Amino acid sequence: MRKTIQATLVAGIFAAALAAQEALPELAGDEIMRRVDANLAAGSIAYSGVMEIDLGHRTLRKEMRVVAQGQDRSFVEFVNPEDEGVRYLKIGDELWMYFPEEGDTVKISGHLLKEGMMGSDLSYEDTLESGALTDKYDITVSGTEELDGRPCYVLELSAKVRDVSYERQKFWVDGQRFVVLKSEMYAKSGKLLKESRVLAVKAFGKRWYPVTVMMKDLLKKGGGTVFTMTDVRFDVSLPDDMFSLRRLGR
Amino acid sequence: MGTLFKIAWRNVWRHGKRTALTIITMAFGLGLYIGMDSVLKGMDRTGLDNIINLTDSSVRVSTAAYEEERGSFPLDQPLPDPAGLADFIRSRPRVLATAERTRFVGQLSNGIDALYVLAVALDPEDDARVLDLPQYVEGSWLAGGGNEIVLGAKLAADLGLGLGDWVTLAARTRWEAQNADDFRVVGLIDATEPSISGSGVFVSFEDADTLLELDGLRTELIVRMERRDTLAAAMEDSDALAAAVESRFPEMAAMSFGDVGRQFLELAKAKSKSITMIIFVMMLIAGVGIANTVLMSVYARIREVGVLRAFGLHPKDITRLFLIEGGIIGVVGAAAGLLVGLGIDLFFIRVGMPLEAMMGGIDMGLPVGGTLYGEWNPDQFAVAAVVGIVVALISSWSPAKKASRLEVTNALRFV
């Protein structure tokens, strides 16, 4: 009798998992990414962000206000006491940083771009990534899996151009909400370098948007960096000079 | 004069403790001066040796565009024709060898911590003909290929790595893609150049070609020239070669040992101010001590001065007497100073100063590392001796004049 119950339970779990996987319609990789991009794309977005950086021996907390337009323009101002007034401006693939104490604006370039942003697991270069992934990667669906109770498409991204940060990436895309719940970034050698996990997704009208993301640099130990967005507003009106060096240094 | 000297000699040692104290002060000041000079000269020599033997070589050539962006070590500014450039340089006089290098920014990880590093890809054999890095390696120098890495000893210690350990080196390829590979630590460099011990990362071109997709990309060429007897000659040789390279290849920037060395010596000049200040303060203290010793001698012997005057000694002789006393203190003090200086000098030259142990691992921003050795500089012994005697004579002048002006009758009545 006990064995029968166990077998029934196992079968039930498998059946549920199978059902969840089977529930996903067959879609091409490009189509899945197009739906993911549609979820993320916004004319403009404004939010408050908190970055918690687990260094292993201590945790740093950075608070910021962020305004962005499309993928190419963003303006970040830190508001936590230690970094109050520090600002970043990203236009295309260029990045500037403003230091309030010195009243100085510095263009982040060269090897500085490779360092972690404000000590986080996210490099400045990661923040400069832009452009549609479908233009840079061949995307194939390698299967479906359940992740955190959500049915997911598993996508393999293989670079089709040379100037991409990661030769290969692997995405777990929520098959119903079309949000990338997990991603793995691989070096050209095949070594796993970074991993990101979406810890919370929120609906904004018909749009599902990741609001808590954990990024982990696998070259070092530590709990990674958790980024949480609050007070998210889409299609906000912005002043004309929002993304200008003049405003950065104001 | 002989009698005056005998009287002065006797008087100097009549108050032995006072005289000894003055001489000790002088000896300490002059000895310190000689020792400091030895250390600073040694630091300059080691710094210049580091430039030519460990970091920059006699001439370092890269494209002018690369030199402008040198801080970011770009991989998109390669030497257009490294082989042609090397052929031209090797055809020039006094050139012994050339080696190609490619510097890049990477991230070194032991699996727990990751540090950003400025790494160098090189040909192990060629590089060893130009720079002396292999001489400072514990373990072995790169053999070429086989995922081997040589690290600065301090960098390795910071990451808890030892010989035989594996470490991950991550970097962007020349096409900006992230790449990473595991390397076995085969050598640890503890050189006299702090930047190499603290952050040196060296891999062979064979491994770097795979890691960075170099496809033969080389960003700089370094050159070894014949060793010359004088610094000026070595600088002139390198300046001439750099000028010839820039004239033949206008798109290139050639940094000579002369350029780098002169910048280094400009910085070293600032250090010499500190030694000047030290000797000034010490000589001021010694001068006051000598003046005090002679003045006390004058007051203690006023009646004696009266007697000498009564016997017919001219006021000028009295001045001479006390000046001789000061001079004796100066000569003996200077001799003692030279002895102390010689001792300090020999210690620094033979034993040296273990900087890391003395500083407790704190980075003091010194241009050299490891054990700092002194430099023999006979000129400074002569300077110290002259300064010691001159200071003694100047300090004695006022008390000597005071003694010579004493009235005979007043001096004889003085109790």
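1. Let's start with a turn in chain A: G56(A) takes a positive phi near 95° in the hairpin of β1(A) and β2(A), where four residues sit between the strands. Bear in mind while you look at this that the model is predicted. The two strands run antiparallel: β1, covering residues 44-54 of chain A, is joined to β2, covering residues 59-69, by 11 bridges. If you want one pair to find on screen, look for S48(A), which stands opposite R65(A) in β2(A).

2. Keep R65(A) in view, and turn to the next strand along. β2(A) also pairs in the antiparallel sense with β3 (residues 73-78) of chain A, this time over six bridges. Here R65(A) stands opposite E77(A) in β3(A). So which residues does R65(A) stand opposite? S48(A) is one of them, and E77(A) in β3(A) is another.

3. The β2(A)-β3(A) connection is a hairpin as well, with three residues between the strands. Its turn holds G70(A), which has a positive phi of about 60°. Compare that with G56(A) back in the β1(A)-β2(A) hairpin, where phi is positive and near 95°.

4. Stepping back to chain A as a whole: the secondary structure comes to five helices and 13 strands. Of the 250 residues in this chain, 46% are buried. Taking the contacts in chain A with a separation of 6 or more, 44% are between residues 24 or more positions apart.

5. Positive phi turns up outside glycine too. F178(A) is not a glycine, yet its phi is positive, about 55°. You'll find F178(A) in the loop between β9 (168-174) and β10 (180-186) of chain A. Is this loop residue buried or exposed? F178(A) counts as buried, because its relative accessibility is 10% and the cut-off for buried is under 20%.

6. D235(A) is worth a look for a similar reason: its phi is near 50°, a positive value in a residue other than glycine. This one sits in the loop between β13 (224-234) and α5 (245-248) of chain A. D235(A) has a relative accessible area of 53%, so it is exposed. That puts a buried F178(A) beside an exposed D235(A) on your list of residues to inspect.

7. Next, M214(A), which lies in strand β12 (residues 207-217) of chain A. With a relative accessible area of 15%, M214(A) is buried. What does M214(A) touch, leaving aside its neighbours within four places in sequence? Its contacts are E195(A), S196(A), R197(A), L199(A), G223(A), T225(A) and V226(A). There is also a long-range relation to check: M214(A) and E52(A) are 162 residues apart in sequence, but 9.3 Å apart in space, C-alpha to C-alpha.

8. Last, a helix pair in chain B. Helix α4 (residues 82-90) and helix α9 (residues 231-248) of chain B pack at an angle of about 135°, with axes 11 Å apart. That angle is why α4(B) is called oblique to α9(B). The crossing of α4(B) past α9(B) is right-handed. On the α4(B) side the residues are L85(B), F88(B) and I89(B), and they meet L241(B), A244(B), V245(B) and R248(B) in α9(B). Sorted by class, this contact has six nonpolar, no polar and one charged residues.

Terms used:
Residues numbered from 1 in each chain as written. Chains lettered and ligands numbered in written order. Predicted model: local features only at pLDDT ≥ 70, side-chain atom pairs only at ≥ 80, totals over all residues. Heavy atoms only, no water. Axes fitted to C-alpha atoms, helices over the stretch in contact; angles between N-to-C directions. Parallel < 35°, antiparallel > 145°, perpendicular 65-115°, else oblique. Left-handed = near helix turned anticlockwise from the far one by under 90°. Contact = heavy atoms within 4.5 Å. Nonpolar A, V, L, I, M, F, W, Y, C, P; charged D, E, K, R; others polar. Pairing = 2+ DSSP bridges. Buried < 20%, exposed > 50% of the residue type's maximum accessible area, 1.4 Å probe, protein only.
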